[in-house]
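Hi,

Here's the structure I promised to pass on, sequence and coordinates together. Have a look, and then read on for what turned up.

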Amino acid sequence: MSSSLKYFSLSNNTQIPSIGFGTWLIENGDSAVKNISDALKCGYRHIDTAAAYGNEESVGRAIRESGIDRSEIFVTSKVWNTERGYDKALAAFDKTMEKLGLDYLDLYLVHWPCNVGSREEWSKVNSETWRALEKLYKDKRVRAIGVSNFKVHHLEELLKSCSVVPMVNQIEFHPGFMQKEILDCCRKNNILVEAWSPLGRGRMAASELLQELSGKYGKSIAQICIRWCLQNRVLPLPKTVTQSRMVENADVFDFEISVEDMNRINSMEQFGWSGHDPDTFE
């Protein structure tokens, strides 16, 4: 089971490395280039960025300077909330590609769903934005397309009008915040769930259950969280600026959490939520 978890296959059969490197809050510049270069040296082949992170230039530079063949690195970016709509999203993609300095993107996501106005209004905005991503996909400028932070009602509305079903939904996902309803909806529609904040921004260290399991398996709490994601068929995107932790976060393929312990983590009460609700976040 362990080795089979090193890649996930998207609905269009695109292979995606099963642990990504998150770059949120990594400020553009030489330190960001070094940070991403370190991740690549540690073996990461999946880098997650976004227009809103402001570091696409650093991500692109680190990839170009790595000496690693472009085809070996899976790169994700996202269209920001101010660029929703068909024409604006297409223009935003061009800016992203210019900053990255890459010929193509592996995955492009709608960063947050529109939630303003009546259901008809926000549904139309999401649909028009998605139509732009479908064009980019059909024009082969991006290998896969998806959404981020879409709740069940956002997905259900989008599925009514889309010609390409989203391949990914990137959501907040960690022990104590499993969002099972969204997870079930995505599984039903063959949408891979990716986990942002899989370590709960450091809050997981306070969990007595995770402390217990860390001792039981001889692994750090971070490794327990990442392995838990993988065994739930969810792709984690841990972020760290420390090289030793980069190595640690990827070293999760030599153990397996038991079914009983998986159920215990799955049943944790709400804990460590960021407070960002896609129905109110703008």
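First, a bit of vocabulary: a pocket here is an open set of grid points with protein on both sides within 12 Å along at least five of seven lines, and its lining residues are those with an atom within 4 Å of a point. Also bear in mind that this is a predicted model.

With that in hand, which residues line the second largest pocket? They are Lys 6, Tyr 7, Pro 17, Ser 18, Ile 19, Cys 42, Gly 43, Tyr 44, Arg 45, Ala 250 and Phe 253. By class that gives seven nonpolar, two polar and two charged residues, around a volume of about 250 Å³.

The largest pocket holds about 740 Å³ of space. Its lining runs to 34 residues, and the ones nearest the centre are Trp 24, Trp 196, Ser 197, Arg 201 and Lys 239. Sorted by class, the lining of the largest pocket comes out as 17 nonpolar, 12 polar and five charged. Two helices to look at here are H8 (221–231) and H9 (243–250), since each of them supplies at least two residues of that lining.

H8 also turns up in the helix packing, where H7 (residues 208–217) is the one to follow. The axes of H7 and H8 come within 9 Å of each other and cross at roughly 95°, so H7 is roughly perpendicular to H8. On the H7 side the contact uses Leu 210, Gln 211, Leu 213, Ser 214 and Tyr 217, which meet Ile 221, Ile 224 and Cys 225 of H8. Six of the residues in this contact are nonpolar, two are polar and none is charged.

H7 packs against H10 (residues 259–266) as well, with the axes 11 Å apart and an angle of about 160°. Anything over 145° counts as roughly antiparallel, and therefore that is how H7 and H10 run relative to each other. Their crossing is left-handed. H7 brings Leu 209, Leu 210, Glu 212, Leu 213, Lys 216 and Tyr 217 to this contact, while H10 brings Asp 261, Arg 264 and Ile 265. The make-up of the contact of H7 with H10 is five nonpolar residues, no polar ones and four charged.

One thing to pick out on screen: Leu 210, Leu 213 and Tyr 217 of H7 appear in the contact with H8 and also in the contact with H10.

Cheers

Notes:
Residues are numbered from 1 along each chain as its sequence is written. This is a predicted model: local features need pLDDT of at least 70, side-chain atom pairs count only at pLDDT 80 or more; totals for chains, interfaces and linings use all residues. Side-chain values use heavy atoms; hydrogens and water are left out. Axes are lines fitted to C-alpha atoms, for helices over the stretch in contact, and angles run from 0 to 180 degrees between N-to-C directions. Helices (H or I, at least four residues) and strands (E, at least two) are DSSP runs, numbered from the N terminus. Angles under 35 degrees count as roughly parallel, over 145 as roughly antiparallel, 65 to 115 as roughly perpendicular and the rest as oblique. A crossing is left-handed if the near helix is turned anticlockwise from the far one by less than a right angle, and right-handed if clockwise. Contact means heavy atoms within 4.5 Å. Ala, Val, Leu, Ile, Met, Phe, Trp, Tyr, Cys and Pro count as nonpolar, Asp, Glu, Lys and Arg as charged, and the others, Gly among them, as polar. On a 1 Å grid over the protein atoms alone, a cavity is a set of points where a 1.4 Å probe fits but cannot get out, and a pocket is an open set with protein on both sides within 12 Å along at least five of seven lines; lining residues have an atom within 4 Å of a point. Grid points are joined across faces, edges and corners, and a volume is the space filled by probe spheres set on the points.
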